[in-house]
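I opened the model to look up a few positions and the surroundings of the ligand. My notes follow in the order I took them.

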Amino acid sequence: MKPMISPSILSADFAYLAKDIEMINRSEADWVHIDIMDGVFVPNISFGFPVLKYVARLSKKPLDVHLMIVQPEKFIPEVKALGAHVMNVHYEACPHLHRVIQQIREAGMQPAVTINPATPVALLQDIINDVYMVLIMSVNPGFGGQKFIEHSVEKVRELRALIDRTGSKALIEVDGGVNADTGARLVAAGADVLVAGNAIFAAEDPEAMIRRLKGR
Ligand code: DX5
Ligand code: ZN
């Protein structure tokens with residue numbers, strides 16, 4: 001199976017964002033990955049809704065929004081206003097995760113739960129049938145261009161087994177340090193969607209890198 005590719009614009013050139021969105025529009029990418037950070041849940045701040053309004057206007061690809069913020073449920077209306085396809089919230093940021101997942105669905109978006117590197121896959125057992133997707137972080141969230149945490153491959157295998165055992169239809173997405181090598185191994189382990197920032201935007205030919213991540 002060919003994976004879906006979700007380029008992370010965190011690694012784009014913010015001074016020329018339109019140019020990078022147009023590259024993604026032309027490419028074989030499936031989604032656009034949007035990293036929102038608050039300087040509280042993660043030690044960095046990226047961009048907010050006033051900027052993303054323009055990204056949403058330009059993008060022809062569905063938006064895969066990853067909120068690295070506390071109380072992400074507060075921003076369901078703002079994410080909805082962007083026309084987002086997926087809204088990813090962190091397991092670690094949601095004490096009432098089941099409620100937040102229902103609220104995202106009621107708002108007309110696809111709910112996804114994200115887990116940090118230190119959060120076990122087994123904790124997803126009671127929510128796996130309610131989510132559209134699980135996002136496994138393969139770096140500690142907050143920055144692009146970090147080194148891939150090898151144990152993530154094993155977590156993808158474990159999650160694939162949990163999904164098969166429970167009859168869940170959840171997709172598996174992986175984010176952080178994904179390149180042609182780690183990407184191929186993640187797909188072999190059962191990943192459906194690869195997020196990549198640095199690998200795509202630092203490549204000489206970003207569109208060719210997207211094709212390569214797809215395994216073409
Ligand atoms: C990290 C973000 C990622 C990041 C990935 O906190 O969630 O989406 O942009 O960047 P790379 O692919 O460079 O590791
Ligand atoms: Zn992300």
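**Ser6**

I began with Ser6 in this predicted model. Is Ser6 buried or exposed? Ser6 has 29 other C-beta atoms within 10 Å, and 20 are enough, so I logged Ser6 as buried. I placed Ser6 in strand E1, residues 4-7. Next I listed what Ser6 touches beyond four places in sequence. One run of contacts is Ala29, Asp30, Trp31, Val32 and His33; Asp64, Val193, Leu194 and Val195 are also on the list. I checked the pair Ser6 and Ala29 separately. They are 23 residues apart in sequence, yet their C-alpha atoms are 6.2 Å apart.

**Confidence**

I then looked at the scores. The mean pLDDT of the chain is 98. I found that 100% of the residues reach 70 or more. For the complex, the predictor gives an ipTM of 0.99 and a pTM of 0.98.

**Active-site record**

Which residues does UniProt list under "active site"? The unreviewed entry gives Asp35 and Asp175. The two are spread over 141 residues of sequence but cluster in space, with a largest C-alpha distance of 10.6 Å.

I took Asp35 next. Asp35 is found in strand E2. I counted Asp35 as buried because 25 C-beta neighbours lie inside 10 Å. Beyond four places in sequence, Asp35 touches Ser8, Leu10, Ser46, His66 and Met68.

Asp175 lies in strand E7. I logged Asp175 as buried too, since 25 other C-beta atoms lie within 10 Å. With sequence neighbours up to four places away set aside, the contacts of Asp175 are His66, Leu135, Met137, Ser138 and Val195. His66 is on the contact list of Asp35 and on that of Asp175.

**Binding-site record**

I turned to the UniProt "binding site" feature, also from an unreviewed entry. The record puts it at Ser8, His66, Gly142, Phe143, Gly144, Gly145, Asp175, Gly176 and Gly177. I followed up two of the glycines.

Gly142 is in the loop between strand E6 (133-137) and helix H5 (152-166). Why did I not call Gly142 buried? Gly142 has 19 C-beta neighbours inside 10 Å, and buried needs 20 or more, so Gly142 counts as partly exposed. Outside four places in sequence, Gly142 contacts Met37, Val42, Pro43, Asn44 and Met68.

Gly176 is in the loop between strand E7 (171-175) and helix H6 (180-189). With 27 other C-beta atoms within 10 Å, Gly176 is buried. I noted its contacts beyond four places in sequence: Met137, Ser138, Val139, Gln146 and Phe148.

**Ligand 1**

Which residues come nearest to ligand 1? Of the 22 around it, I noted Ser8, Pro141, Gly144, Gly197 and Asn198. Strand E2 (32-37), strand E8 (193-196) and helix H7 (198-201) each give two or more residues to this shell. By class, I recorded 8 nonpolar, 12 polar and 2 charged residues in the shell. Ser8 and Gly144 also appear in the "binding site" record.

**Core**

Last, I looked at the nonpolar packing. The largest nonpolar core has 63 residues. Val65, Met87, Val134 and Leu194 have the most contacts inside it. I listed the neighbours of Val134, again leaving out those up to four places away in sequence. Val134 touches Ala112, Val113, Leu124, Leu159, Ala170 and Ile172. Leu194 ties back to my first entry, as one of the residues that Ser6 touches.

How values were computed:
Residues numbered from 1 in each chain as written. Chains lettered and ligands numbered in written order. Predicted model: local features only at pLDDT ≥ 70, side-chain atom pairs only at ≥ 80, totals over all residues. Near = placed C-beta within 6 Å. Helix = DSSP H or I, 4+ residues; strand = E, 2+ residues; numbered from the N terminus. Nonpolar A, V, L, I, M, F, W, Y, C, P; charged D, E, K, R; others polar. Core = buried A, V, L, I, M, F, W, Y, C linked by C-beta atoms within 7 Å. Buried ≥ 20, exposed ≤ 12 C-beta atoms within 10 Å, placed from the backbone. Contact = placed C-beta atoms within 7 Å. pLDDT = per-residue confidence, 0-100. UniProt positions renumbered as here; feature names shortened; annotations may be inferred.
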